[in-house]
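The following exercises are to be solved with the sequence and the coordinates at hand. Each task is followed by a worked solution.

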Amino acid sequence: MRHTKMTTLAAMVAGSGLLLSACGSAGGGPSSGGGKISDDKIVLAVLNDQSGVYKDLSGPNSVEAVKMAVEDWKAKHKDDAVSKNIEVVTADHQNKPDIANTKAQELYDRQKADIILDVPTSSAALAVATQAKTKKKVYINIGAGTTALTGAQCNKYTFHWAYDTYMLAKGTGGTLTKNGGSKWNVVYPDYAFGQDMTKSFEAQVTGAGGTVGQKVPTPFPNDNFATYITKAAADKPDVIGTMHAGGDLINFVKQYNQAGISDQIKLAVGLMFITDIHSLGADQFKGVTFTDAWYWNFDEQNREWADKFQAKTKTRPSFAHAANYSAAFNYLEAVQEAGSDTGDDVVAKLEGKKINDVFLRNGEVRKGDHRVIHDVYLAEVKPQSEVKEEWDYEKIVATIPAAEAFKPEAESGCSM
């Protein structure tokens with residue numbers, strides 16, 4: 001894809017968050033006469049954690065990834081673009097479902113967002129899904145793991161793009177159990193994501209012939225895990241699985257290593273982002289096996305995009321950054337195909353779409369539940385001695401094909 005320079009509007013405070021313009025044309029092109037583009041512009045909103053435990057794994061840099069998608073989409077379509085007037089707006093939900101609910105309303109109603117993207121924290125993600133359904137506006141979730149988004153709480157306007165707890169559990173829980181880690185204890189954050197992760201991992205561990213004994217809940221967010229680690233280690237399991245993420249995961253792993261039990265009990269990480277490894281150092285995670293939705297140095301296509309991302313952000317992308325780019329670009333492609341940004345029109349173009357891009361390999365947007373399936377990867381963290389360049393922390397052990405990685409559509413429990 002070619003990149004062009006975009007004209008950037010001055011940032012201004014508006015409604016629930018900072019308005020960041022991803023392009024600056026006041027009109028012209030196909031949308032200048034009104035047409036089927038509402039308000040004569042397309043508005044993409046990124047709602048996520050801008051300042052807390054999930055800031056690094058997604059946060060402000062997911063806004064940059066979405067802006068990159070707008071640049072690339074405009075470069076692809078040039079004068080044929082259905083609209084030249086595109087904005088990217090953002091808000092911080094602080095990982096709280098009540099705030100996410102309010103911010104989603106403000107983004108859809110006051111800032112005229114046509115789509116909301118990202119939304120880590122499963123309880124917040126489910127709140128936004130309710131608003132998307134009510135407003136009949138598109139919502140593509142990247143950052144949350146709960147399978148309820150494409151299961152019991154699915155709806156016509158919500159799509160789940162990157163990963164979920166079933167995918168993580170099948171790759172990591174099933175593999176470690178089959179490789180000898182049959183006795184598990186699990187420590188999890190006590191909210192929707194952690195609860196869903198624990199259920200998913202228990203199903204995969206027992207399905208592979210293992211057992212899950214203790215399931216130890218912790219507050220969210222949290223910075224002191226020592227008591228919970230001691231409790232989980234007391235009956236000497238083969239594996240302790242941590243279902244935490246972001247800043248909580250970093251604190252958990254640091255305290256796990258300080259507890260001096262890493263030589264006796266294997267640590268399994270339910271959800272890991274490359275930013276977690278970078279924050280704490282490869283040796284703190286060395287040998288840990290986990291399931292990754294995407295890796296920046298997997299092949300030349302990924303690396304080329306990661307280089308462009310790094311030039312803008314001064315850091316390497318996590319899978320959340322790449323997924324937000326992919327979701328934003330494909331949303332704009334659906335608007336282009338539909339000639340409209342009306343929710344129903346865009347949904348019709350996304351459903352059933354097969355996609356191969358920098359994030360989705362063998363990707364497909366399932367029509368029945370809006371789960372986006374794609375190849376994922378079983379990864380292992382390298383020891384620091386094997387890290388040849390900064391950020392190249394992962395060894396890809398195996399590719400898990402799209403059709404095997406996610407819960408079958410017939411078992412999703414979704415009824416739209």
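**Exercise 1.** What does the accessible surface of the protein chain come to, and what percentage of it belongs to carbon and sulfur atoms?

Solution. The model is a predicted one. The accessible surface of the protein chain amounts to about 15,400 Å². Of this surface, 47% belongs to carbon and sulfur atoms.

**Exercise 2.** Characterise the overall fold of the protein chain.

Solution. Begin with secondary structure: the protein chain has 13 helices and 17 strands. Next, take the radius of gyration, which is 21 Å, and set it against the 22 Å that the globule rule gives for 416 residues; the two values are close, so the protein chain is as compact as a globular protein of that length. The C-alpha trace spans about 70 × 45 × 35 Å along its principal axes. With buried taken as under 20% relative accessible area, 59% of the 416 residues count as buried. Finally, consider contacts with a separation of 6 or more: residues 24 or more positions apart account for 70% of these.

**Exercise 3.** How far apart are the mean positions of the positive and negative charges of the protein chain?

Solution. Count the charges: 45 are positive and 51 are negative. Their mean positions are 2 Å apart.

**Exercise 4.** Analyse how helix α6 (residues 226–233) is placed.

Solution. First, identify the buried residues of α6, namely Ile 229, Ala 232 and Ala 233. Seen down the helix axis, these fall within an arc of 95°, so they line one face of α6. The face turned away from that buried side carries the exposed residues Thr 227 and Thr 230. Last, establish the cover: the elements over the buried residues of α6 include β8 (183–189), β9 (211–218), β10 (239–242) and α7 (246–258).

Technical notes. Residues are numbered from 1 along each chain as its sequence is written. This is a predicted model: local features need pLDDT of at least 70, side-chain atom pairs count only at pLDDT 80 or more; totals for chains, interfaces and linings use all residues. Side-chain values use heavy atoms; hydrogens and water are left out. Helices (H or I, at least four residues) and strands (E, at least two) are DSSP runs, numbered from the N terminus. The radius of gyration is taken over C-alpha atoms; the globule rule is 2.2 Å times the number of residues to the power 0.38. Buried means under 20% relative accessible area, exposed over 50%, partly exposed in between (1.4 Å probe, protein chains only). Contact means heavy atoms within 4.5 Å. Accessible areas come from the Shrake-Rupley method with a 1.4 Å probe; for residues, only the protein chains shown count as cover. Lys and Arg count as positive and Asp and Glu as negative; His and the chain ends are not counted. The place of a charge is taken as NZ of Lys, CZ of Arg, CG of Asp or CD of Glu. The arc is that of the directions from the helix axis to the C-beta atoms.
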